[in-house]
Amino acid sequence: MTQRIPIAVAYGDGIGPEIMKATLDIIQTAGANIEIETVEIGEKVYLRGIETGMDPNAWELLRRTKVFLKAPITTPQGGGYKSLNVTTRKALGLYANVRPSVSYSPFVHTKHPVMNVVIIRENEEDLYAGIEHRQTDQVYQCLKLITRPGSEKVIRYAFEYARANGRKKVTCFVKDNIMKLTDGLFHKVFDETAAAYPDIENELWIVDIGAAKLADTPEHFDVIVMPNLYGDVLSDVAAQIAGSVGLAGSSNIGEQCAMFEAIHGSAPRRAGQNLANPSGLLLAAVMMLVHIGQSEVAARVHNAWLKTIEDGIHTYDIFKEGVSRQKAGTAEFAAAVIRRLGDVPSVLTPVSYEVSHSLSLWQKNGHHKKAEKRLVGVDVFLDWEQGSPDDLGSALSQVSMESLQLQVITNRGVKVWPNGLPETFCTDHWRCRFLSNEGQVIAPGHVVELLKRVTESCFDNIKTENLYLFDGVPGFSAVHG
Ligand code: NAD
């Protein structure tokens with residue numbers, strides 16, 4: 001027998017221990033060649049005063065095993081607790097969240113009988129960087145960060161995943177008609193990456209109409225890749241319209257490590273009653289088995305599970321009179337899957353996994369040519385509520401310098417000076433754009449000098465953003481209005 005693959009296992013909270021036991025019973029009976037190393041996470045750890053919800057020693061174990069099968073946890077009520085999921089994804093660099101949503105019609109009720117979509121969500125960036133500020137009495141901000149390497153990693157992973165899993169098309173969802181720089185970068189990287197995969201069809205949708213299409217006609221889609229927030233929302237929508245969030249598993253893939261979990265939470269009200277559906281975690285464990293190269297065991301487990309669903313043996317959450325044959329508890333459901341190991345479904349499509357598909361993943365490219373960056377201006381943000389936009393414009397024109405002239409003032413992104421409209425609603429948060437003459441390069445000292453003049457004129461400067469040209473192209477959005 002080949003050496004067992006060590007995996008870290010967390011039993012979690014609520015229904016976690018029951019569904020983890022069921023999952024491990026099934027995969028071990030199926031022949032998974034794994035060595036289980038248990039880690040403690042979740043509520044008990046939080047309540048011991050560890051704000052990340054995971055014992056510090058557990059990180060060592062995760063870094064050693066590199067594979068983590070995790071049951072859901074309960075985040076205690078009240079503030080101050082950090083999300084264990086967000087911390088784990090970021091600390092271990094798990095950049096791609098893979099969430100398949102499949103319908104099992106006619107055995108599990110769904111309005112979309114033909115649905116087999118995999119959403120690949122960027123997992124580390126976007127609005128999840130956790131960089132938020134209150135800037136004025138009225139205004140709060142959250143920074144949306146999209147990076148080139150972050151986008152390249154997840155988009156490349158989506159195409160590699162499609163190729164390795166016999167998928168035909170990768171779709172990208174963005175909102176780059178509005179967020180031209182951030183989502184625009186994601187779109188650009190998608191086009192560049194797609195060009196390297198001529199065997200895979202590619203298409204791009206603006207996320208609003210794309211989401212509507214996904215909810216209405218999910219059979220149109222195959223693999224969909226998207227930035228973090230859209231992926232967070234739409235992967236739950238996809239799982240729910242396929243039949244139930246209780247059936248969906250997910251993987252979180254990094255360059256070194258990977259984490260596998262159900263997409264649902266710890267359902268505390270169902271805990272300890274042998275009621276919960278272990279399917280989400282079991283399908284996550286199937287993804288884990290494929291990841292560690294035990295594809296045959298993965299297929300055996302997955303097919304036995306499909307046969308159990310097809311035979312109408314259902315937990316309470318998907319039980320339907322007239323369709324289901326037997327209402328099973330967690331343990332009975334697991335026993336039913338175990339009895340069917342070796343069987344394949346006859347109505348639902350059986351799965352098979354390639355024995356080994358090594359993915360050609362993103363690698364740091366040392367040859368990337370850095371763009372030439374030239375400073376041409378500065379956006380000065382003010383907390384101010386002493387008059388009209390015209391008052392502010394004339395006062396600030398006085399502090400302009402020869403090298404940096406006031407060009408425009410916006411409030412919540414809408415131009416209010418010069419020639420604003422009196423109807424535009426204004427808050428206490430003003431963005432004042434100073435630019436050099438005809439895009440001339442300026443020294444950082446000019447910005448410092450301007451800020452000195454702004455402060456000396458008793459303006460409350462809350463932040464600045466330098467305005468650069470990158471290879472001659474503005475690295476800042478134009479002003480609306
Ligand atoms: P939840 O997913 O736990 O439950 C939502 C609903 O789905 C409930 O009605 C529940 O009974 C049902 N349900 C969920 N999983 C089920 C299963 N396997 N079988 C049968 N029914 C199931 O979401 P919630 O109630 O919003 O959150 C409960 C706790 O879980 C919270 O503390 C939350 O922070 C945590 N949570 C953890 C994770 C995670 O660890 N990955 C994810 C989401 C929520």
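Start by selecting T52 in this predicted model. You'll find T52 in the loop between α2 (43-47) and α3. Is T52 buried or exposed? Its relative accessible area is 19%, and the cut-off for buried is under 20%, so T52 counts as buried. Show the neighbours too: leaving aside residues up to four places away in sequence, T52 touches Y46, K82, L84 and T87.

**K66, at the other end of α3**

Now go to K66, in the loop between α3 (56-65) and β3 (67-70). Check the backbone torsions here: K66 isn't a glycine, yet its phi is positive, about 65°. With 34% relative accessibility, K66 counts as partly exposed.

While you're collecting positive phi values, jump to A267, in the loop between β12 (258-262) and α9 (279-291). A267 isn't a glycine either, and its phi is near 35°. The relative accessible area of A267 is 31%, so this residue is partly exposed.

**The ten-stranded sheet**

Switch to cartoon view and pick out the strands in this order: β2-β1-β3-β12-β11-β4-β5-β10-β8-β9. Those ten strands make an open sheet with mixed pairing. At the edges sit β2 (34-38) and β9, each pairing on one side only. Ignoring direction, neighbouring strands in this sheet are turned by 25° against each other on average.

Zoom in on the β2 edge. Strand β1 (residues 5-10) pairs with β2 in the parallel sense, over five bridges. To see one of the partners, select P6, whose bridge partner in β2 is E35.

Next, select β4 (residues 94-102). How many of the nine residues of β4 are buried? Seven of them are, so to speak, under cover: the strand is mostly covered. Look at both of its flanks:

- Towards β11 (residues 249-254), β4 runs antiparallel and is joined by four bridges. L94 stands opposite G254 there.
- Towards β5 (residues 116-122), the pairing is also in the antiparallel sense, over seven bridges. Here V98 stands opposite I120.

**The loop after β4**

Stay with the loop between β4 and β5, where P106 is placed. Check omega from S105 to P106: the peptide bond is cis, with omega near 5°.

V108 lies in the loop between β4 and β5 as well. At 3% relative accessibility, V108 counts as buried. Draw a distance from the C-alpha atom of V108 to that of I318: the two are separated by 6.4 Å, although they sit 210 residues apart along the chain. I318 is also one of the residues V108 touches, together with G243, L247 and I309, not counting residues up to four places away in sequence.

For another cis bond, go to W417 and P418, where omega is about -5°. P418 is in the loop between β17 (414-417) and β18 (429-435).

**Helices across the sheet**

Bring up α5 (148-164). α5 lies across β4, β5, β8, β9, β10 and β11, and runs at about 160° to β5. Then add α7 (residues 207-216), which lies across β5, β8, β9 and β10 and runs at about 110° to β9.

Now select α6 (residues 182-194) and try a quick geometry check. What span should its 13 residues have at 1.5 Å a residue? The expected value is 18 Å, and the end C-alpha atoms are 19 Å apart, which agrees. Colour α6 by burial and you can pick out its buried residues: D183, G184, L185, F186, H187, V189, F190, T193 and A194. What covers them includes α5, β8 (169-174), β9 (201-206), β10 (223-226) and α8 (228-242).

**Last stop: α1 against α11**

Finish with α1 (residues 16-29) and α11 (residues 330-339), whose axes come within 9 Å and cross at roughly 10°. Angles under 35 degrees count as roughly parallel, which makes α1 roughly parallel to α11. The crossing of these two helices is right-handed. To see the contact, show side chains for E18, I19, A22, D25, I26 and T29 of α1, then T330, A334, V337 and I338 of α11.

Methods:
Residues are numbered from 1 along each chain as its sequence is written. This is a predicted model: local features need pLDDT of at least 70, side-chain atom pairs count only at pLDDT 80 or more; totals for chains, interfaces and linings use all residues. Side-chain values use heavy atoms; hydrogens and water are left out. Buried means under 20% relative accessible area, exposed over 50%, partly exposed in between (1.4 Å probe, protein chains only). Two strands pair if DSSP finds at least two bridges between them. The expected span of a helix is 1.5 Å times one less than its number of residues. Contact means heavy atoms within 4.5 Å. Axes are lines fitted to C-alpha atoms, for helices over the stretch in contact, and angles run from 0 to 180 degrees between N-to-C directions. Angles under 35 degrees count as roughly parallel, over 145 as roughly antiparallel, 65 to 115 as roughly perpendicular and the rest as oblique. A crossing is left-handed if the near helix is turned anticlockwise from the far one by less than a right angle, and right-handed if clockwise.
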